[in-house]
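Here's a quick briefing to read with the structure open beside you. Have a look around first, then come back for the notes.

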4 protein chains.
Amino acid sequence: MIDKNKTIDNTGFSHLSSAEANRFANKDGSYNVKRMGVSFFERFSILHTLLKMERWQFIAVILIYYLFVNTVFALIYFLIGVENLKGAKLDSGWANELLQAFFFSAQTITTVGYGHIHPTSISANIVAAIESFTGILTFAVITGLIFARFSRPQAYIKFSENALISPYKSGKGLMFRLSTFKNNQLTDLNAKVILSLHVNENDTITTKFFVLPLEIDKISSLSMSWTIVHEINEDSPLFGMNAKELIENKVEIMVQINGFDDYIFHTVQQRTSYIASEIIYNAKFVSMLGKTDDGSMSLVDLAKLNSYEIVK
Amino acid sequence: MIDKNKTIDNTGFSHLSSAEANRFANKDGSYNVKRMGVSFFERFSILHTLLKMERWQFIAVILIYYLFVNTVFALIYFLIGVENLKGAKLDSGWANELLQAFFFSAQTITTVGYGHIHPTSISANIVAAIESFTGILTFAVITGLIFARFSRPQAYIKFSENALISPYKSGKGLMFRLSTFKNNQLTDLNAKVILSLHVNENDTITTKFFVLPLEIDKISSLSMSWTIVHEINEDSPLFGMNAKELIENKVEIMVQINGFDDYIFHTVQQRTSYIASEIIYNAKFVSMLGKTDDGSMSLVDLAKLNSYEIVK
Amino acid sequence: MIDKNKTIDNTGFSHLSSAEANRFANKDGSYNVKRMGVSFFERFSILHTLLKMERWQFIAVILIYYLFVNTVFALIYFLIGVENLKGAKLDSGWANELLQAFFFSAQTITTVGYGHIHPTSISANIVAAIESFTGILTFAVITGLIFARFSRPQAYIKFSENALISPYKSGKGLMFRLSTFKNNQLTDLNAKVILSLHVNENDTITTKFFVLPLEIDKISSLSMSWTIVHEINEDSPLFGMNAKELIENKVEIMVQINGFDDYIFHTVQQRTSYIASEIIYNAKFVSMLGKTDDGSMSLVDLAKLNSYEIVK
Amino acid sequence: MIDKNKTIDNTGFSHLSSAEANRFANKDGSYNVKRMGVSFFERFSILHTLLKMERWQFIAVILIYYLFVNTVFALIYFLIGVENLKGAKLDSGWANELLQAFFFSAQTITTVGYGHIHPTSISANIVAAIESFTGILTFAVITGLIFARFSRPQAYIKFSENALISPYKSGKGLMFRLSTFKNNQLTDLNAKVILSLHVNENDTITTKFFVLPLEIDKISSLSMSWTIVHEINEDSPLFGMNAKELIENKVEIMVQINGFDDYIFHTVQQRTSYIASEIIYNAKFVSMLGKTDDGSMSLVDLAKLNSYEIVK
């Protein structure tokens with residue numbers, strides 16, 4: 001049933017089914033792969049980690065950094081002797097002294113420097129000179145990161161949660177659709193869809209990959225929505241496969257969309273994946289399009305992105 | 001009259017005339033589409049909004065932010081008790097106290113920190129430490145935004161306001177022209193022109209799209225001006241169409257220019273659109289070119305970009 | 001002699017010799033074109049101007065800005081009354097008062113805020129709050145510009161000052177060469193060479209453009225030097241042309257090199273142009289290559305980039 | 001044995017073996033070339049140098065800069081007279097005065113400005129105004145550099161240390177492999193492999209270059225690992241060459257990988273090179289792949305990247 005000649009070898013995934021997880025790619029397009037044999041620090045990209053973490057995690061990291069560095073410098077001033085910080089109130093025990101050192105540290109690292117507390121001894125002056133310098137450098141990096149997170153180009157594409165096998169022409173077609181949901185505009189998009197399935201050949205299970213030919217694989221702009229269609233004709237690896245066989249063969253559809261954000265002039269990319277259980281048999285999408293009452297603008301209803309109806 | 005085989009399906013626009021606005025793209029190239037079914041916050045891209053807004057709006061947003069944050073911190077200092085801010089003048093009622101708190105707040109958030117007013121209590125010190133930290137982080141983001149707005153690559157292309165149908169070769173041609181107007185230089189440009197028109201087929205009106213073949217669709221540099229020409233021969237969807245039919249068929253010409261800014265080494269893109277009423281029949285462009293009196297430089301007169309004369 | 005069919009129309013330059021300057025492109029690759037018909041402010045790109053100006057001009061612009069803004073705020077404090085700036089020495093006349101206001105302004109705009117001078121009245125406090133805010137925003141933009149100038153990707157390519165017409169194969173070839181001179185590495189380079197010449201056809205002089213076919217137009221890396229060669233065979237527009245005719249026909253060779261900086265991962269572009277008087281007839285380049293004494297590294301001698309010898 | 005017609009001329013390297021070092025490219029992909037004939041300052045790219053240097057070198061450069069600038073300004077204040085800095089302790093000799101000037105300088109350049117020391121004379125005020133301005137500008141550039149170093153896109157690809165000549169199909173193949181080792185994802189990769197060898201033709205030794213055809217030269221994603229294979233068939237320049245001849249002919253394999261980092265949306269490139277002594281004859285790679293115990297993720301074991309076994 002499957003034409004071996006059309007399989008492809010250049011997905012970057014392995015053909016060994018024994019090395020394979022439940023799905024190749026996750027719903028968000030990340031690969032379902034774990035790396036070992038390198039130390040944590042070598043494997044760990046600070047940049048990617050800080051850019052990818054959730055907003056609340058990132059804010060927590062920054063606050064902890066601020067508290068930590070301030071505490072370290074406060075301890076140094078405390079060890080040198082808070083009497084070297086003129087203006088600090090020194091009459092209520094070590095806890096208060098540490099607190100005064102902490103406040104002086106915060107005033108120094110942020111370069112506010114009110115001056116009602118100020119260093120007098122040489123040692124305290126040197127520490128303060130180092131701290132203000134440290135403050136300038138690290139805060140600038142932190143704010144660089146904030147800006148990088150904030151301004152990172154993103155595709156802002158939503159995919160339908162399900163792919164459908166719908167009536168198409170005289171036969172069937174595999175379909176899913178996508179739309180942008182932000183006030184950005186993408187132009188010159190292209191789509192690449194790879195299908196993987198498991199095949200039992202001579203009693204060993206191997207994984208085969210196919211590039212699915214698409215009715216349209218490039219569009220000029222993603223102004224409304226885009227329904228990506230693969231016709232299931234005799235040349236398709238999906239030809240003649242029913243819903244049960246989709247699951248038995250562990251079919252997975254990996255999708256990659258590239259486009260050009262026409263405002264920040266940057267290429268963006270977004271991926272997703274549909275496994276067999278996310279493919280609906282005999283269903284078709286409901287239209288998302290309309291126009292405003294005064295006819296002046298076209299409308300795209302994103303709430304209907306995954307709306308489909310079952311076809312008898 | 002229209003050859004169905006040459007229509008294209010990959011514009012990203014819909015063929016349902018019922019879902020269509022008066023024009024697909026606006027004069028500035030933005031798509032005439034409204035998205036619904038997603039919440040405002042999901043639909044809203046802070047980055048794109050802050051980059052795209054007018055300069056005065058952006059300045060207003062920043063000023064309001066500065067006033068707002070200062071006022072919030074001023075209220076906190078006021079609620080804690082302005083007597084914790086040593087140096088603040090406290091003798092003229094709550095309005096003055098609030099004002100003193102506001103000025104202290106401004107001195108803290110900008111990290112000026114003159115110090116004649118400074119926090120004494122633990123609570124005021126903590127708030128000040130938070131405020132100076134907040135100030136550093138958010139101002140850096142604001143200035144990042146200013147820089148991003150300021151340094152955003154732009155094509156700086158002006159299009160002629162009208163497209164013309166002019167005598168060309170032995171027949172006619174659709175023409176419009178463009179030029180850069182800033183002191184930047186674009187190289188390796190290419191143009192893509194899509195025509196849409198409404199067709200009544202079996203009593204339903206559908207929209208058809210065509211890629212218009214151009215006499216020249218790539219140029220090495222946009223050093224002077226570029227007149228883009230589509231020959232209206234028998235293969236053209238515009239062949240035999242008169243001015244009235246242009247309007248009846250709701251003809252729209254969508255234009256996309258890509259180029260490479262040779263100084264900041266960034267690809268830029270600009271789009272525009274001509275609807276039927278912006279297409280002038282039987283007119284031709286007047287030359288914009290000349291040279292300086294001493295012959296040392298070529299001249300491009302942008303005031304004539306849209307200058308045309310009617311041809312009998 | 002010139003095959004009209006091979007001329008090209010997509011250079012972005014005009015065929016009207018009457019609109020032509022002495023040369024199309026300058027030695028640094030900029031186009032020899034002046035734009036008119038737009039107001040100065042519309043024509044002027046602040047970004048490109050600030051990025052392109054000489055270093056000393058840029059430093060001058062920044063210093064003047066700093067002096068100017070400080071002076072403006074100093075005048076405002078002076079007009080409000082310097083007695084509102086507590087700590088300023090007020091005993092030596094208006095010149096000193098202005099100077100004290102200027103120093104306070106400098107301390108405020110840079111957010112140093114020593115505090116020995118500080119605002120007391122409401123009006124002075126408001127101005128100071130505005131000034132420190134202004135300082136933060138504009139200095140950040142200035143430093144953004146400094147960084148943008150500093151970190152702008154550049155090709156750092158040096159071209160030979162002359163192009164040569166050298167013996168090549170059994171006939172002649174047009175040659176020039178180039179090399180990088182910085183400690184950067186370029187990969188995946190390509191070259192595009194356009195020739196323009198003036199032709200007298202039916203008593204009107206028009207300009208014709210030709211893409212010159214090159215022996216090698218793509219290289220994997222510019223590790224050493226690259227001699228670009230156009231064989232002057234029967235298909236070449238230069239075939240049979242002698243040194244005098246090069247000048248009579250106002251021959252110009254426009255060169256564009258694109259490459260990829262393999263460290264900052266950015267495409268870079270550099271252009272140049274050779275007019276007839278910069279083309280040396282019957283000369284050939286001298287080798288620039290060698291190796292270090294210990295044989296461990298190859299050597300490129302950039303001092304010899306334009307070294308050639310006359311061939312009898 | 002070697003088909004001259006398939007050699008290529010567009011590597012950017014020279015064919016003159018006399019100008020050749022021991023290897024064209026180093027293990028890290030940099031070219032083994034030294035440039036002369038340009039002055040140090042012209043050859044030196046500050047940006048590339050500061051971005052490429054080791055982290056500890058970069059930190060040292062910054063610290064030295066901070067100390068240097070502070071010392072220069074301290075000397076200026078000292079020469080003007082430290083009595084113009086009110087609040088400085090002036091009772092313990094010139095060394096202490098210089099130290100007080102240094103601390104004031106540090107407080108000024110970082111814009112901490114405590115204010116317990118502050119300038120009183122006009123000259124000291126002017127120097128302080130210049131210093132705080134200098135501080136803002138240069139620290140911002142430094143932090144820009146820190147951010148640029150930190151956020152520079154990188155491929156994070158590890159190559160196997162050796163290339164192997166392994167059994168492949170009915171004959172042999174040249175193989176090496178690579179994997180990413182960080183938590184980034186690369187998509188749309190392509191590989192280019194160039195072979196160089198020395199040939200004795202008519203008693204002069206020249207270098208020949210060949211593009212090696214690869215079984216797969218493009219992959220969709222580098223999710224696991226990629227073994228790059230060149231089949232050594234009759235068309236291969238390596239056909240029939242034994243281990244000794246690899247060394248005699250000074251064979252070198254230059255590799256370039258381009259890919260797209262799917263998170264920061266930037267093209268990245270990494271290169272390496274294998275010289276004859278790094279090519280193992282009759283060996284094959286050991287699998288690096290597996291899956292987690294619960295079967296939910298695939299595993300790549302980078303410790304085995306260079307693991308191979310000798311084939312009899």
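What follows is a run through chain symmetry, contacts, shared sheets and the nonpolar core.

Keep in mind that this is a predicted model. Chain A lands on chain D after a rotation of 90° with 0.0 Å of shift along the axis, and that is the relation of a four-fold axis. Strands also pair across chain boundaries, as with E1(A) and strand E16 of chain D.

**How the copies relate**

- Superposing chain A on chain D gives an RMSD of 0.1 Å.
- The rotation of 90° with 0.0 Å of shift is what a four-fold axis looks like.
- The two copies use different surfaces, though: just 6% of the contact residues of chain A recur in chain D.

**Where chain A meets chain D**

- On the chain A side, 52 residues are in contact with 53 residues of chain D.
- Several elements of chain A put two or more residues into that side: strand E1 (33–36), helix H1 (40–43), helix H2 (46–52), helix H5 (122–151) and strand E12 (266–275).
- Which element gives the most to the side of chain A that touches chain D? H5(A) does, with 11 residues.
- Sorted by class, this side of chain A has 22 nonpolar, 23 polar and 7 charged residues.
- Strand pairing shows up between these two chains as well: E1(A) and strand E16 (residues 298–301) of chain D run parallel, joined by 4 bridges.
- Within that pairing, Arg35(A) sits opposite Val300(D).

**The sheet made by chains A and B**

- Three strands line up as E15(A)-E16(A)-E1(B) in an open sheet with mixed pairing.
- Strand E15 (289–291) of chain A and E1 of chain B are at the edges with a single partner strand each, so one side of each has no neighbour in the sheet.
- From one strand to the next, the twist averages 30°.
- Inside chain A, E15(A) and E16(A) run antiparallel with 3 bridges between them, and Lys291(A) stands opposite Ser298(A).
- Across the chain boundary, strand E16 (residues 298–301) of chain A runs parallel to E1(B), with 4 bridges.
- Val300(A) has Arg35(B) as its bridge partner there.
- In a regular strand, side chains alternate between the two faces of the sheet.
- Strand E1 (residues 33–36) of chain B shows an alternating pattern: Val33(B) and Arg35(B) point to one face and are buried, while Lys34(B) and Met36(B) point to the other and are not buried.

**The sheet made by chains B and C**

- Here the order is E15(B)-E16(B)-E1(C), again an open sheet of 3 strands with mixed pairing.
- Its edges are strand E15 (289–291) of chain B and strand E1 (33–36) of chain C; each has a single partner strand, so one side of each is left without a neighbour in the sheet.
- Neighbouring strands are turned by 30° against each other on average, ignoring direction.
- E15(B) and strand E16 (residues 298–301) of chain B run antiparallel, with 3 bridges joining them.
- Lys291(B) has Ser298(B) as its bridge partner in E16(B).

**The nonpolar core**

- The largest nonpolar core contains 101 residues.
- Which residues have the most contacts inside this core? They are Tyr77(A), Tyr77(B), Tyr77(C) and Tyr77(D).
- Leaving aside neighbours within four places in sequence, Tyr77(B) is in contact with Val82(B), Leu85(B), Ala101(B), Phe104(B), Ser105(B), Ala124(B) and Val127(B).

Definitions and conventions:
Residues are numbered from 1 along each chain as its sequence is written. Chains are lettered from A and ligands numbered from 1 in the order in which they are written. This is a predicted model: local features need pLDDT of at least 70, side-chain atom pairs count only at pLDDT 80 or more; totals for chains, interfaces and linings use all residues. A nonpolar core is a set of buried Ala, Val, Leu, Ile, Met, Phe, Trp, Tyr and Cys residues joined through C-beta atoms within 7 Å. A residue is buried if 20 or more other C-beta atoms lie within 10 Å of its own, exposed if 12 or fewer, and partly exposed in between; C-beta atoms are placed from the backbone. Two residues are in contact if their C-beta atoms, placed from the backbone, lie within 7 Å. Ala, Val, Leu, Ile, Met, Phe, Trp, Tyr, Cys and Pro count as nonpolar, Asp, Glu, Lys and Arg as charged, and the others, Gly among them, as polar. Two strands pair if DSSP finds at least two bridges between them. Axes are lines fitted to C-alpha atoms, for helices over the stretch in contact, and angles run from 0 to 180 degrees between N-to-C directions. Copies are superposed by least squares on the C-alpha atoms of residues with pLDDT of at least 70 in both.
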